[in-house]
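Student: I should like a close look at one helix of this model, set beside a few other local features. Please give the criterion behind each term as it arises.

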Amino acid sequence: MARVGTGFGWRATIVAVVAMVVTGCGGSGSSGDQFQWLEELDSPRVQSWVAAENAKTLGVLEQDPHYADNLAQATTLANAPDRLPAPEFRDGMIGNFWQDGEHKRGIWRETTVADYEAPQPRWKTVLDLDALAAAEGRNWVWEGMNCAPNRGTRCLVNLSEGGEDALTVREFDRGTGQFVPGGFTLERGKQYVAWADDDTLLVSREWQPGEKTASGYPYIVKTWHRGAPLEQAAEVLRGDPSDGLGTAPIVLDGGNGHRVSMVVRRPSFFEAQFNLIVSGQPVRLALPPKSELEGMVGNRVLVAPRDDWTVGGTTFRSGSLISLDADELARHPDAPRPTVLYTPGPQEAFQSVMTTRGHAVVTSLYDVKGRATVYTPQPDGTWTGAPVPLPDNASVYAVDADSHGETAYLSVTALLTPSTLWSLDVADGRLVAVKSAPARFDSSRFVVEQLKADSADGTKVPYFIVHAADMKYDGSTPTIVYAYGGFGTSSTPGYNGLLGKSWLEQGGAYVIANIRGGGEYGPAWHEAALKTKRQKAFDDFTAVAADLIARDISTPRHLGIQGGSNGGLLMGVEFTQHPELWNAVDIQVPLLDMERYEKIAAGASWVGEYGSMSVPDERDFLESISPYARLRSGVKYPEPFVWTTTKDDRVGPQHARKFAARLSALDDPYFFYEAPQGGHGAGADNDEKAHTNALEYTYFMRQLM
């Protein structure tokens with residue numbers, strides 16, 4: 001159990017730690033890293049170590065009195081037949097990938113739009129992944145499909161071994177339900193593929209051994225024609241092995257016959273070079289490096305700049321959405337003439353866009369609450385916007401849109417409100433709620449509040465909390481605080497039936513902290529915590545915890561925290577900088593060794609977010625906050641739950657392993673678990689995810705209740 005002081009002095013300690021940065025002294029230094037051998041991905045000695053660690057952790061958590069109920073609850077909800085099936089438009093049909101107890105790996109199934117919107121759709125199974133995996137002896141995980149522009153029944157199916165990012169790509173015929181004999185096939189690798197036309201692919205992959213960036217991504221794009229050997233693919237454009245990410249093809253479809261092929265090179269995670277393919281040749285476009293292609297409506301290419309962009313005396317604000325005429329881009333690639341669709345106001349942030357044949361549906365945030373707006377192009381090149389009258393004080397998610405029609409699906413949810421799927425006819429504005437997920441717990445017992453905490457530099461940091469309506473303000477409520485805080489990704493509140501059953505109904509509260517580094521208030525909110533400024537994100541999270549304590553909602557004895565990937569780094573930092581504040585720390589698929597992260601899995605691609613050990617001031621900062629390096633003997637740490645998967649080829653399991661090994665060497669208590677499958681996530685199928693979730697809730701109950 002954790003060893004957290006709860007005497008009369010803890011309030012003064014909290015006030016002090018919120019305003020200071022704990023840097024410790026020294027560091028791991030790769031030359032003195034006694035656990036670097038755990039970076040071996042799958043050697044016999046690593047397998048033996050992982051097996052022993054898993055046995056210790058499962059021997060405790062799976063034997064806990066709460067575990068059986070938690071697992072049963074998680075498995076039942078994960079495989080519930082009345083879950084909301086997510087729709088995908090495919091050649092006039094609706095497709096859905098579905099997993100349940102009978103279809104563990106899942107099936108791709110289809111029906112008509114009208115039938116999908118009926119209470120009980122009559123699905124037709126098109127591809128059975130369980131049958132395919134059994135026939136081939138492979139642990140296939142579905143990673144989606146991409147269909148040809150005209151012959152829409154021909155699709156590229158992406159398959160992953162155990163959930164890793166590396167893919168196997170095969171051409172599939174949705175009409176026959178079979179893989180195409182002699183069709184396009186690309187063996188396992190990190191690769192990007194787009195249809196140039198029905199018989200031509202643009203492919204980026206490791207063509208020859210070693211032709212990849214330091215972070216493991218391909219940087220050479222070639223054209224591959226149907227029937228030709230892969231070796232005869234002709235090069236279109238190449239990036240450089242030193243690029244932070246890779247170079248990939250992107251094909252935009254305006255839905256009315258207009259299509260644009262591009263190749264995007266990524267010198268760094270947040271910067272791009274855009275090349276339009278004109279007569280088979282790449283032409284560099286004068287677009288801002290920090291921007292993203294967001295789709296195409298008719299002949300208008302949609303772009304989201306992440307920096308202010310001044311063109312012809314007009315400045316387009318960071319976080320806006322603009323359009324450019326595709327024909328003009330081809331004629332004048334050096335002189336784009338953008339037109340604005342969306343410009344964020346105060347407290348607003350662009351989130352996403354879906355495109356139909358003649359409209360753009362933009363989702364955005366206002367003070368971390370969802371909005372949707374339909375934009376229509378006008379003959380003079382401008383756009384008009386019409387708000388979609390969706391429920392307020394909720395999260396709004398773009399689901400999918402028919403690029404050849406005028407229907408879009410939006411999902412609306414909140415912490416106490418199950419998801420409702422809305423069908424929007426963007427041409428006439430007709431909005432219909434077509435499906436709703438069932439309630440999984442009695443929400444009438446709980447309330448949701450949006451509160452704000454003062455960070456160390458005075459910044460107001462919002463957070464959502466859901467708790468019992470009759471909660472006592474005496475510091476006794478077991479509370480989990482979740483955050484991500486990186487890469488401009490927004491954390492918005494949504495319904496979670498398992499959270500309700502396994503935590504809220506057991507007396508717990510749950511918090512989502514919208515700390516800097518995320519995108520809740522646009523690019524500036526993200527950039528405020530980049531690289532050596534990242535301590536601001538950590539301070540924001542600590543401030544939320546202090547605010548919960550100051551409001552007498554919880555105390556360190558009952559306070560737990562949770563985060564994955566970049567959020568796992570956040571958890572590691574909070575664990576080492578403020579061990580006295582928590583009694584449970586759930587560290588999911590994390591980065592933790594920030595002195596060597598560039599050398600592990602795809603770590604080198606994130607230099608734009610975290611900084612590099614090759615830059616002196618960035619190295620100093622990384623050494624000062626690296627959780628693996630900051631572990632110290634004699635410190636009273638809480639007992640964490642650190643988990644990862646062997647198949648995580650993005651962050652890699654090495655971080656979690658080494659962190660646990662160092663805790664063991666310091667004789668500090670911890671739980672470590674490494675799932676054999678799941679990629680950069682909680683599992684490869686619903687049962688595996690349920691198992692991980694059950695372990696997490698069991699851990700939180702042990703520590704906080």
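Tutor: The account below begins with the chosen helix and then turns to a helix pair, a buried contact and a cysteine link.

The model is predicted, so local features need pLDDT of at least 70 and side-chain atom pairs count only at pLDDT 80 or more, while totals for chains, interfaces and linings use all residues. Residues are numbered from 1 along each chain as its sequence is written, and side-chain values use heavy atoms, with hydrogens and water left out.

The helix in question is α15, residues 686–704. Helices (H or I, at least four residues) and strands (E, at least two) are DSSP runs, numbered from the N terminus. The expected span of a helix is 1.5 Å times one less than its number of residues. For the 19 residues of α15 this gives 27 Å, and the end C-alpha atoms are 27 Å apart, so the two values agree. Of these 19 residues, 14 are buried, and α15 is thus mostly covered. Buried means under 20% relative accessible area, exposed over 50%, and partly exposed in between (1.4 Å probe, protein chains only). At its N-terminal end, α15 is capped by Asp685, which places a side-chain oxygen 3.0 Å from the backbone nitrogen of Asp687.

Elsewhere, the axes of helix α9 (residues 535–550) and helix α10 (residues 566–577) come within 10 Å and cross at roughly 70°. This makes α9 roughly perpendicular to α10, a description that applies to angles of 65 to 115 degrees. Axes here are lines fitted to C-alpha atoms, for helices over the stretch in contact, and angles run from 0 to 180 degrees between N-to-C directions. The crossing is right-handed, meaning that the near helix is turned clockwise from the far one by less than a right angle.

Arg657 takes part in the next group. Its side chain makes a polar contact of 2.8 Å with the side chain of Glu674; a polar contact is a pair of N or O atoms within 3.5 Å, and within protein one must be able to donate a hydrogen and the other to accept it, with residues adjacent in sequence counting only if both atoms are side-chain atoms. Glu674 lies in strand β39 (residues 671–675) and counts as buried because its relative accessibility is 3%. The C-alpha atom of Arg657 is 9.1 Å from that of Trp49, 608 residues apart along the chain. Trp49 belongs to helix α2 (residues 44–61) and, at 15% relative accessibility, is also buried.

Finally, the structure holds one disulfide, a term for a pair of cysteine sulfur atoms within 2.5 Å. Cys147 and Cys155 form it, with their sulfur atoms 2.1 Å apart. The link is right-handed, with 90° about the S-S bond. Cys147 is buried at a relative accessible area of 18%, and Cys155 is buried at 0%.

Notes:
Parallel < 35°, antiparallel > 145°, perpendicular 65-115°, else oblique.
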